[in-house]
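Please look through the sequence and the model shown here before reading on. The report that follows describes how some of the helices pack together, then turns to one residue and to the protein as a whole.

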Amino acid sequence: MQTSPSQGRSPGRAAVGCATLVALAASCSVAGNLSAPEILRELDAIVRIDGSGADRTVKYAERATVSSWYARSLLLLPLRGPLVFVFGGRSEQPLESPAAHVRELLRELPYKLGEELVLAAQASVRLGWIAELETNAQSRVVAIDGLTQLAIDLQLPLFGGDFQRFGAPANPEQLAQARAGVNLGRPEVRTGDRWNATALRPYGEAVTQLAADPLANPIARLLLLE
C-alpha cells in the first residue's frame, strides 16, 4: 500500500520543522523589520544620558519596552500587521546585553531614514551621544560609522571649510547673540501668535550663525542639534 507524502511524514519531523521555523523567525536582527521611528523609540527606551556638563555618561536599561520578536522578524513580514494588531508590537523584556542590542539598532538606523531630514537629525543625536560618551570602543565605532553613512547619504561635505578654525573660540559677543536668538525660538515657546514668519527669521539666522563653525565643546554641538 502506497502512502502520499503528507501521510508518510512523521509527526516528529513536522514538529521539528515548526520549531526550526519559529527559532529562525525569532533569531532575526532586533532591527531588521523596524522603521526609523520605531528604532528611535526603542533606543530611547534603552539608552539614558546621565549627569551634566563633562560628567555626562551613557547608561543602559536592563529591562525595556522593545519590539516583540514577531514584529521585527523579516520571515514574518507578511503577517506583521495582523500579529501586531492582535498581540501588540511591543512589550517589556529583559535585555541580556543592552549595549549589543543598541549596536544592532544603530547599525540599521542609517539605512531606514530615507530623505527625512527631521529623522536624520534625530538619528544624528542618538548616534552622536554614543560616539562621544560611550566607553565601549565597539559601540563608538558603530556610532561613528552610522554618522558617516548618514553624511554620505545626505551628501554633506565631510571635509570642507577651514581646518585651522576648527575648535577656535567663537566671538563671545556673537555667540551670546546667537544663543539668545535660538532661545527665543525654542519649541516650548512657539505658542499661538508669538510664533510666526516674523519670529522665524531671526531664529533661523541665529541657528545658522551657531552652526557656521563647529562649537568648541562637542557636548554643546550635540545639544544644539538636539
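Helix H6 passes helix H8 in a left-handed crossing, a term used when the near helix is turned anticlockwise from the far one by less than a right angle, whereas a clockwise turn would be right-handed. The model is a predicted one, in which local features need pLDDT of at least 70 and side-chain atom pairs count only at pLDDT 80 or more, while totals for chains, interfaces and linings use all residues. Residues are numbered from 1 along each chain as its sequence is written, and side-chain values use heavy atoms, with hydrogens and water left out.

Two packed helices are described by the angle between their axes and the distance between the axes. Here axes are lines fitted to C-alpha atoms, for helices over the stretch in contact, and angles between N-to-C directions run from 0 to 180 degrees. Helices (H or I, at least four residues) and strands (E, at least two) are DSSP runs numbered from the N terminus.

| Helix pair | Angle | Axis distance |
|---|---|---|
| H6 (residues 98-108) and H8 (residues 137-153) | roughly 15° | within 9 Å |
| H7 (residues 117-133) and H11 (residues 218-225) | about 160° | 9 Å |

H7 is therefore roughly antiparallel to H11, and H6 and H8 are roughly parallel to each other, since angles under 35 degrees count as roughly parallel, over 145 as roughly antiparallel, 65 to 115 as roughly perpendicular and the rest as oblique. H6 meets H8 in a left-handed crossing, where the contact (heavy atoms within 4.5 Å) is made by Ala-99, Arg-103, Leu-106 and Arg-107 of H6 with Gln-138, Ser-139, Val-142 and Ala-143 of H8. By class, this contact of H6 with H8 has four nonpolar, two polar and two charged residues; Ala, Val, Leu, Ile, Met, Phe, Trp, Tyr, Cys and Pro count as nonpolar, Asp, Glu, Lys and Arg as charged, and the others, Gly among them, as polar.

H7 also passes H11 in a left-handed crossing, and the residues in that contact include Trp-129 of H7 and Pro-218 of H11. Nine nonpolar, two polar and one charged residues make up the contact of H7 with H11.

His-101 lies in helix H6 and counts as buried because its relative accessibility is 10%, buried meaning under 20% relative accessible area, exposed over 50% and partly exposed in between, with a 1.4 Å probe and protein chains only. Apart from neighbours within four places in sequence, His-101 is in contact with Val-30, Glu-42, Ile-46, Val-66 and Leu-95.

Overall, the protein has eleven helices and four strands, and buried residues make up 31% of its 226 residues.
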